[in-house]
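Open the model in your viewer and keep the selection tool at hand. The tour goes from strands to a ligand.

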Amino acid sequence: MPENMKRLFGIIGNPVGHSLSPAMHNAALTALGVDGIYLPIQPENLEDEFRRLREDGFVGVSVTIPYKVAVMDLVDRLDPMARKIGAVNTLFFQDEPAGRRCTGYNTDWLGAERALAEVLDLAGARVLLIGAGGAARAVGFGLARAGAELFLSNRSEEKGKALAAQLNCPFVPLEQLSAVRAEALVNTTSVGMAPDTEAMPLPVELIPRFGVVMDIVYAPLETRLLREAARCGCRTVDGLRMLLYQGAAQFRLWTGLEAPVEVMRQSLLTALAARHS
Ligand code: ATR
């Protein structure tokens, strides 16, 4: 690709129109004076779109629902953490002697780790994870790698036990959560997301047990879980933090530049407010 060409970035997903990532990444590119653009892309056919991204000279592409697993079959190389988590949220295309090659990464785990590490020393910290879906896998493997001691709970025991076994941590049924002693709680489920904003992933009376409560839901930004946690004096980490820091990790990978996280967070807040107006 010619050096003077505008650098192309984007996100593939379906639907992709509501994604906050274009606002976040374009703000970062502008703030650092990078001559590039980050576009929302809704593929008609994933394989065709992947080929087009490679041919058109895209540098970095975020991957969101429903393509995070399917895209793993299309990349030339897979980062070990992406393989372990079983999902790719980041494509990085690079020119090599043999041609343009694409590596699939996962930065969701980096986002979760950085978000929680801002308020808690993760090495040896006891963390209760609620959920056993794709988000739980990324958060779980990330926090385990950082040295946290995990406990996992989930509505479906079968799914919860399967992920707990992979994370090598105890599975705790929801009705036995009062037996868990942990410093931090992380909700990785969609419980509490609009429109059902009064729903809680665990009984409210258990919240004061935790020093830190993190939610991955960001619509609303202050979920009921975080509101109750703040009322109990817990430190809270909102769902935009993980989104922000996974994006910051992508930006650094693609550009080699430290991401301007304050600018990016502001752009996320603005885009989120615009989405609801
Ligand atoms: P994602 O990839 O975003 O994590 P997912 O794979 O569908 O999405 O996982 C959703 C998670 O939220 C699961 O842990 C799910 O629990 P089950 O395994 O029991 O389905 C959890 N979840 C979703 N809605 C829920 C609800 N109303 N109550 C409790 N848990 C819920």
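Two strands pair if DSSP finds at least two bridges between them. Helices (H or I, at least four residues) and strands (E, at least two) are themselves DSSP runs, numbered from the N terminus. This is a predicted model, in which local features need pLDDT of at least 70 and side-chain atom pairs count only at pLDDT 80 or more, while totals for chains, interfaces and linings use all residues. Residues are numbered from 1 along each chain as its sequence is written, and side-chain values use heavy atoms, with hydrogens and water left out.

**Stop one: strand E1**

Select residues 7-12, which form strand E1. Five of its six residues are buried, where buried means under 20% relative accessible area, exposed over 50%, and partly exposed in between (1.4 Å probe, protein chains only).

Add residues 58-63, strand E3: E1 and E3 pair in the parallel sense over five bridges. Within this pair, Gly-10 stands opposite Val-61.

Now add residues 36-41, strand E2, which pairs with E1 in the parallel sense over six bridges. Here Leu-8 is opposite Ile-37. Select helix H1 (residues 21-31) as well; E1, H1 and E2 make a right-handed β-α-β unit. A crossover is right-handed if, with the strands pointing away from the viewer, the path from the first strand over the helix to the second runs clockwise.

**Stop two: strand E7**

Select residues 126-130, strand E7. Four of its five residues are buried, so E7 is largely enclosed by the rest of the structure. Five bridges join E7 to the parallel strand E8 (residues 149-153), and Val-127 stands opposite Leu-150 in E8. To get from E7 to E8, the chain passes through helix H5 (residues 134-145) in a right-handed β-α-β crossover.

Strand E9 (residues 184-187) also runs parallel to E7, joined by four bridges. Look for Leu-128 in E7 opposite Leu-185 in E9.

**Stop three: the ligand**

Which residues are around the ligand? Select Gly-131, Ala-132, Gly-133, Gly-134, Ala-135, Asn-154, Arg-155, Ser-156, Lys-159, Thr-189, Ser-190 and Val-191; a residue is near a molecule if one of its heavy atoms lies within 4 Å of it. This shell divides into three nonpolar, seven polar and two charged residues. Ala, Val, Leu, Ile, Met, Phe, Trp, Tyr, Cys and Pro count as nonpolar, Asp, Glu, Lys and Arg as charged, and the others, Gly among them, as polar.

Finally, find the backbone N or O atom of Ser-156 that lies 2.8 Å from an oxygen atom of the ligand.

Methods:
Polar contact = N/O pair within 3.5 Å; in protein donor to acceptor, adjacent residues only side chain to side chain.
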